[in-house]
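User: I have a single chain to go through. Please take me through its fold and packing in short questions and answers.

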Amino acid sequence: AVEGCDVFTIADEMRGRGWLVQPQMAFEGAPPTLHLTLCAATARHTDELVSALRESAAAALTAGPVRIDPGLAAAARQVDPDGLDDATMDGLLVIAGLAGGDGTLEVPERMAEVNALLDAVPPRLRESLLAAVLDRLTR
């Protein structure tokens with residue numbers, strides 16, 4: 001990891017260049033990482049992939065690390081994953097800027113800040129939050 005080079009921003013930058021890499025949150029002492037898969041379908045495009053990755057890393061380095069509101073992160077860490085009901089989820093989504101006043105989920109085009117916030121909460125809560133968002137996306 002390069003100091004100031006945020007993997008969540010790299011993921012956004014790669015998406016903007018037409019590549020999907022999956023950000024992975026920190027876990028059991030390991031820092032956040034990116035997961036990407038190379039397969040037969042991407043084999044002939046590896047030069048393009050490497051170029052996009054270099055450009056994305058440079059852009060992430062220029063942008064600097066994602067900053068999240070410490071108060072928001074502290075509040076999010078206080079949420080009990082076992083008590084995550086619809087009303088609590090509605091409030092969290094509005095506070096995080098991911099839901100409109102009518103409760104409609106608004107997924108942003110760039111996810112670095114959302115991923116950084118998820119990275120700041122305990123894994124068990126992170127799993128509950130992601131499951132709740134997926135539930136709302138499929139309703």
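The turns below cover the overall fold, the helix packing, the cores and a few single residues.

User: What kind of model is this, and how many helices and strands does the chain have?
Analyst: The model is predicted. From the N terminus on, the elements run α-β-β-α-α-α-α-α-α. The count is seven helices and two strands.

User: What span does the C-alpha trace have along its principal axes?
Analyst: The chain holds 139 residues, and 31% of them are buried. Along the principal axes, the C-alpha trace spans about 50 × 35 × 30 Å.

User: Among contacts with a separation of 6 or more, what share comes from residues 24 or more positions apart?
Analyst: The share concerns contacts in the chain with a separation of 6 or more. Residues 24 or more positions apart account for 69%.

User: How are H1 and H3 oriented to each other?
Analyst: The axes of H1 and helix H3 (residues 46-63) come within 8 Å. They cross at roughly 130°, and H1 passes H3 in a right-handed crossing. An angle between 115 and 145 degrees falls outside the parallel, antiparallel and perpendicular ranges. H1 and H3 are therefore oblique.

User: Which residues of H1 meet H3, and how many nonpolar residues does the contact have?
Analyst: On the H3 side the contact includes Leu49, Ala52, Leu53 and Ser56. The H1 side is made of Thr9, Ile10, Glu13 and Met14. By class, the contact has two polar residues, one charged residue and nine nonpolar residues.

User: What is the orientation of H5 to H7?
Analyst: H5 and H7 have their axes 11 Å apart. They pack at an angle of about 90°. That makes H5 and H7 roughly perpendicular.

User: Which residues form the contact of H5 with H7, and how many of them are charged?
Analyst: H5 brings Asp86, Met89, Asp90, Leu92 and Leu93. H7 brings Leu129, Ala132, Val133 and Arg136. By class, six are nonpolar, none is polar, and the charged residues number three.

User: Which helix gives the most to the largest nonpolar core?
Analyst: The largest nonpolar core has 22 residues; Phe8, Leu84, Met89, Leu93 and Leu129 have the most contacts inside it. Helix H1 (7-16), helix H4 (70-77), helix H5 (86-95), H6 and helix H7 (123-138) each supply at least two residues. The helix that gives the most, with five residues, is H6.

User: How many residues does the other core have?
Analyst: This other core lies apart from the largest one. Among its residues are Ile10, Trp19, Leu49 and Ala52. The core has nine residues.

User: Which residues does leucine 84 touch, not counting residues up to four places away in sequence?
Analyst: Leu84 is one of the residues with the most contacts inside the largest nonpolar core. With residues up to four places away in sequence left out, leucine 84 touches Val79, Met89, Leu92, Ser128, Leu129 and Ala132.

User: How many residues of H6 are buried, and what covers them?
Analyst: H6 is mostly covered, with six of its eight residues buried. Those six are Ala112, Val114, Asn115, Ala116, Leu117 and Leu118. The cover includes H1, E1, H4 and H7.

User: Is asparagine 115 buried or exposed?
Analyst: Asparagine 115 lies in helix H6 (residues 112-119). Beyond four places in sequence, asparagine 115 touches Phe8, Pro23 and Met25. Its relative accessibility is 9%, so asparagine 115 counts as buried.

User: Is leucine 20 buried or exposed?
Analyst: Leucine 20 is found in the loop between H1 and strand E1 (22-24). Leucine 20 and alanine 132 are 112 residues apart in sequence and 23 Å apart in space, C-alpha to C-alpha. With a relative accessible area of 70%, leucine 20 is exposed.

User: What accessibility class does alanine 74 have?
Analyst: Alanine 74 has its place in helix H4. The relative accessibility of alanine 74 is 31%. A value between 20% and 50% counts as partly exposed, so alanine 74 is partly exposed.

User: What is the phi of glutamate 28?
Analyst: Glutamate 28 lies in the loop between E1 and strand E2 (33-35). At 73% relative accessibility, glutamate 28 counts as exposed. Most residues other than glycine have a negative phi. Glutamate 28 has a positive value, near 45°.

Notes:
Residues are numbered from 1 along each chain as its sequence is written. This is a predicted model: local features need pLDDT of at least 70, side-chain atom pairs count only at pLDDT 80 or more; totals for chains, interfaces and linings use all residues. Side-chain values use heavy atoms; hydrogens and water are left out. Helices (H or I, at least four residues) and strands (E, at least two) are DSSP runs, numbered from the N terminus. Buried means under 20% relative accessible area, exposed over 50%, partly exposed in between (1.4 Å probe, protein chains only). Contact means heavy atoms within 4.5 Å. A nonpolar core is a set of buried Ala, Val, Leu, Ile, Met, Phe, Trp, Tyr and Cys residues joined through side-chain atoms within 4.5 Å. Axes are lines fitted to C-alpha atoms, for helices over the stretch in contact, and angles run from 0 to 180 degrees between N-to-C directions. Angles under 35 degrees count as roughly parallel, over 145 as roughly antiparallel, 65 to 115 as roughly perpendicular and the rest as oblique. A crossing is left-handed if the near helix is turned anticlockwise from the far one by less than a right angle, and right-handed if clockwise. Ala, Val, Leu, Ile, Met, Phe, Trp, Tyr, Cys and Pro count as nonpolar, Asp, Glu, Lys and Arg as charged, and the others, Gly among them, as polar.
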